[in-house]
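What follows is a walk through one structure, taking a metal site, then aromatic contacts, then a pocket. Please keep the coordinates open while reading.

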Amino acid sequence: MPELPEVEVVRRGLAHHLPGRTITGYRSSGKALRRKTADDRLRLLLVGARVVAIRRRAKYLLVDFDNEALLVLHLGMTGRLGIFPAASPLLPHDHLCWLLDNDRELRFNDTRRFGSVMLFSRQKGADPELLLFTDTGPEPLGPQLSASYLLARANGRTIPVKQFLMDGRIVAGVGNIYANECLFAAGIKPARPVGTIGRRRWQRLIDQLRGILDQAIACGGSTISDFFGTTGEGGYFQVHFSVYGKSGSPCPRCQTPIQSFKLGGRATFFCRRCQR
Ligand SMILES: [Zn+2]
């Protein structure tokens with residue numbers, strides 16, 4: 001499943017291709033994604049509209065248009081976005097295609113069809129972003145995430161810190177991989193009750209989380225040229241993990257074998273010597 005860094009890499013890749021381009025056509029496979037796509041509306045609102053910007057919130061991509069339409073995309077489990085020459089043949093599972101005014105096409109490919117596409121018109125009043133993200137916590141790479149904020153949200157609570165971090169209402173978009181990795185980097189045991197963590201350790205955790213996410217994004221950045229090629233291959237990148245998926249391997253710091261267990265139903269990896 002794409003995690004936040006991969007979605008951010010896709011955003012940065014698309015930011016080179018989409019802003020300033022006008023949508024000149026739309027076609028779809030007719031198959032439902034997570035929900036049935038509103039093909040008529042997608043055609044009506046977006047054909048003729050020009051892309052102004054592409055943004056990310058949590059694991060959603062937001063495309064702003066000059067007619068105040070807002071396209072919101074989620075990659076789900078297997079969704080991929082790519083820019084292709086318009087004449088190139090479609091690949092299996094290319095479900096939605098937006099033709100651009102430079103003879104290229106934005107294609108949404110999704111094998112398992114858990115992805116989603118939503119379309120809003122800001123002209124209708126209520127700001128769709130407020131509706132969609134009411135319960136979404138601050139971005140991990142944004143200025144609103146601070147030790148004070150986490151300290152306040154954790155105060156008096158006993159849930160394990162790993163589950164707390166993966167709760168999108170607390171922090172946006174931290175998935176299982178990055179929760180495991182940042183807790184190892186910060187030396188905090190995944191099962192530790194959140195209410196027992198002090199300000200300095202929260203700060204260390206935030207610093208480590210940001211460093212790891214930045215590194216993953218930078219690493220993915222080097223594959224952008226492949227990702228937006230004609231083959232649609234690539235896009236996933238090798239990030240060096242310290243503990244994730246490393247059960248039984250020596251801890252990179254102290255050589256103690258990494259242990260694993262299920263926490264809240266999710267695979268959890270840690271070093272019992274380095275993490276307290
Ligand atoms: Zn260790």
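The zinc ion is held by four sulfur donors, the SG atoms of Cys251, Cys254, Cys271 and Cys274, at 2.2 to 2.4 Å. The model is predicted, and side-chain atom pairs are considered only at pLDDT 80 or more. Along the sequence, the donor residues follow the spacing C-x2-C-x16-C-x2-C.

What arrangement do the four donor atoms around the zinc ion make? The angles they subtend run from 101 to 113°, and because four donors count as tetrahedral when all angles lie between 85 and 135 degrees, the arrangement is tetrahedral. For reference, the ideal angle for four tetrahedral donors is 109.5 degrees. One of the donor residues, Cys251, has a relative accessibility of 1% and therefore counts as buried, the limit being under 20%.

Next come the aromatic side chains. The structure holds six aromatic pairs. One of these joins Phe241 and Tyr244, whose ring centres are 5.6 Å apart with 70° between the planes, an edge-to-face geometry. The rings of Phe261 and Phe270 also form a pair: their centres are 5.6 Å apart and their planes lie at 80°, so this pair is edge-to-face. The cut-off behind that label is an angle over 60 degrees.

Are the residues of these pairs buried or exposed? Tyr244 has a relative accessible area of 26% and is therefore partly exposed. Phe261, with 30%, is partly exposed, whereas Phe270 counts as buried because its relative accessibility is 11%. Phe241 and Tyr244 also belong to one aromatic cluster together with Phe269.

A contact of another kind involves Arg253 and Phe184. The charged end of Arg253 sits over the ring of Phe184, 4.5 Å from the ring centre.

The last feature is a pocket. The largest pocket has a volume of about 290 Å³. It is lined by 15 residues, and the closest to its centre are Met1, Lys59, Gly175, Asn176 and Arg266. Sorted by class, the lining comprises eight nonpolar, four polar and three charged residues.

Notes
Residues numbered from 1 in each chain as written. Heavy atoms only, no water. 1 Å grid on protein atoms, 1.4 Å probe; cavity = no way out; pocket = protein on both sides within 12 Å on 5 of 7 lines; lining within 4 Å. Points joined across faces, edges and corners; volume = space filled by probe spheres on them. Nonpolar A, V, L, I, M, F, W, Y, C, P; charged D, E, K, R; others polar. Donors = N, O, S within 2.8 Å, 3.2 Å for Na, K, Ca; no water. Tetrahedral: all angles 85-135°; square planar, octahedral: opposite > 155°, others 65-115°. Buried < 20%, exposed > 50% of the residue type's maximum accessible area, 1.4 Å probe, protein only. Phe/Tyr/Trp six-rings, centres within 6.5 Å; stacked < 30°, edge-to-face > 60°. Lys NZ or Arg CZ within 6 Å of the ring centre and 35° of its normal.
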